[in-house]
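Open the structure in your viewer and keep the sequence panel beside it. The tour goes stop by stop, with something to select at each one.

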Amino acid sequence: MMRSQTTVHHLHSYLRSAGACLVSSPRPPRRLVCIAAVSDGSNPNNVLMWKGRVVSHNKQLSVATKASSSSAPQASSIGSETLEKEVLKALSQIIDPDFGTDIVSCGFVKDLVIDEALGEVSFRLELTTPACPVKDMFEKQANEVVALLPWVKKVNVTMSAQPAKPIFAGQLPPGLSRISSIVAVSSCKGGVGKSTVAVNLAYTLAGMGARVGIFDADVYGPSLPTMVNPESRILEMDPEKKTIIPTEYLGVKLVSFGFAGQGRAIMRGPMVSGVINQLLTTTEWGELDYLVIDMPPGTGDIQLTLCQVAPLTAAVIVTTPQKLAFIDVAKGVRMFSKLKVPCVAVVENMCHFDADGKRYYPFGKGSGSQVVQQFGIPHLFDLPIRPTLSASGDSGVPEVVSDPLSEVARTFQDLGVCVVQQCAKIRQQVSTAVTYDKYLKAIRVKVPNSDEEFLLHPATVRRNDRSAQSVDEWTGEQKIQFGDVEEDIEPEEIRPMGNYAVSITWPDGFSQIAPYDQLETIERLVDVPPLSPVEV
């Protein structure tokens, strides 16, 4: 008991710093063919993306052949290469449904081993998220297509996942540096079921195999302590690291002001923003595939603080059928649009109920569809009025956990698949939006959600910097002159900065923040001559 009180005391003292007033067997030697990474050569650069990260970027893939004797004839090696090609050709029939590319070109096939004497083929399919919705399909199809080869007698397929690394890791607070994707669940209006959606989405993703955390960002009225029932209901603090240790329930990490031991807060807006910043960034989240943020209602300081502190990957919008709900939700969608956070799905809650063989719509129809149509959000999910869904929010056990086969759980399963797929696509677009082509000596730009790709001269980009180091803030006079930038300058590094800009590091040590909007206005390179085979 003394330890718990001390821990709470440390945590309270820490939050006050934000300005808050807290009220196997050996085998005989055989010739084995081992492939560390494989590709069919259809992608000459071999820069391959899946689920939002580069899974292969080697220009040449090494193939090592081990023979039982150093004097093995060269013809035998050629025969082994033929078998390898047959296996890879068979596997290349499996297409990733998200990106329309075969799994060989995507670089999923690892550790391919062929035992000719036994007719045995072994390999590993390495996915980039444990929550991949088609992993079982991949495993089944891989077994089937390889087993059809006439010389194959046995197929051993191992499934693994190499989770996507955070693409903004170097620019984030330590607490957020190992989180792959951050998803905001928002409505901008209270009472529409936003917390219910956030909690059930989080536990759906966890059920799909992902590592998940939930951050309850509502300090005035935290819902998480009611909706889940962890064994430890008090956040602990590491006194040495001065970090917060989240509590857990069914494998999902949880942080809420309601677990700080003081219930709801009575404080002014700037103080709340400081507390939220402290809770979010100094928590030891560890490695997470998804952090789901239950956003508070509104579009004020607290929401802007969250969007600025945490690099949100995507947002899920929650609404109800009424026109009044649509008006407030529209404000939230516009806020995310200005902050360059893509909204990937709309959840229309409490949209209907069934009785006497009929379906009734007590609050009318159309709010969710109107959001989708007006703002171009690609996915819409309907949640019915269900007493069990409401009861689960009060009992501390989410509906998707208590009744995983229910209609509501199936809807959340579809929503979870949508979030996984959309986050993967967004990460891919952001990772490859701005790159340097060292052969063309040009910066290649393809802004997310745009089909247009264009080239910029590095010196032109450097001369168009609009920071205080390049432009006088008072007079607007250009400090950097044309001749100050060498014509053959090349960037040393280009890194994403959220969903809106990139950071470009130049040889002189200058770090330039280049928003996508600005890059689209810079003079472009045209009629770039193609490279000769020698140059390539």
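**Stop 1: the cysteines**

Counting cysteine sulfur pairs within 2.5 Å gives zero disulfides. The model is a predicted one. A disulfide is a covalent bond between the sulfur atoms of two cysteines.

Select C418 and C423. How far is the sulfur of C418 from the closest cysteine sulfur? The distance is 8.7 Å, to the sulfur in C423, which is too far for a bond. C418 has a relative accessibility of 6%, so it counts as buried. Now select C351, which is also buried, with a relative accessible area of 3%.

**Stop 2: strand β8 and its partners**

Select residues 120-127, which make up strand β8. Is this strand mostly covered or mostly open? β8 is mostly covered, with six of its eight residues buried.

Add residues 109-115, strand β7. β7 and β8 run antiparallel and are joined by five bridges. To see one pair of opposite residues, pick K110 and then R124 in β8. The two strands form a hairpin with four residues between them. In the turn, click on G119, whose phi is positive, at about 65 degrees.

Next add residues 154-161, strand β9. Here the pairing with β8 is parallel and covers eight bridges. V121 stands opposite V155 in β9. While the strands are on screen, keep a general point in mind: in a regular strand the side chains alternate between the two faces of the sheet.

**Stop 3: a sheet of three strands**

Move on to an open sheet with the strand order β22-β23-β24 and antiparallel pairing. Select β22 (434-437) and β24 (454-456): both stand at the edges with a single partner strand, so one side of each has no neighbour in the sheet. From one strand to the next, the twist averages 35 degrees.

Select residues 442-445 for β23, which is joined to β22 by four antiparallel bridges. Which residue in β23 is the bridge partner of Y436? The partner is I443.

**Stop 4: S470 in its loop**

Finally, select S470, in the loop between α13 (458-463) and β25 (493-497). S470 counts as buried because its relative accessibility is 2%, and the cut-off for buried is under 20%.

Show the residues around S470. Leaving aside neighbours within four places in sequence, its contacts include R462, E477, K479 and F510. D465 is another of these contacts, and its side chain is joined to that of S470 by a polar contact of 2.6 Å. To end, select Q481: S470 and Q481 are eleven residues apart in sequence, and their C-alpha atoms are 8.8 Å apart in space.

Key: Residues numbered from 1 in each chain as written. Predicted model: local features only at pLDDT ≥ 70, side-chain atom pairs only at ≥ 80, totals over all residues. Heavy atoms only, no water. Pairing = 2+ DSSP bridges. Axes fitted to C-alpha atoms, helices over the stretch in contact; angles between N-to-C directions. Buried < 20%, exposed > 50% of the residue type's maximum accessible area, 1.4 Å probe, protein only. Contact = heavy atoms within 4.5 Å. Polar contact = N/O pair within 3.5 Å; in protein donor to acceptor, adjacent residues only side chain to side chain.
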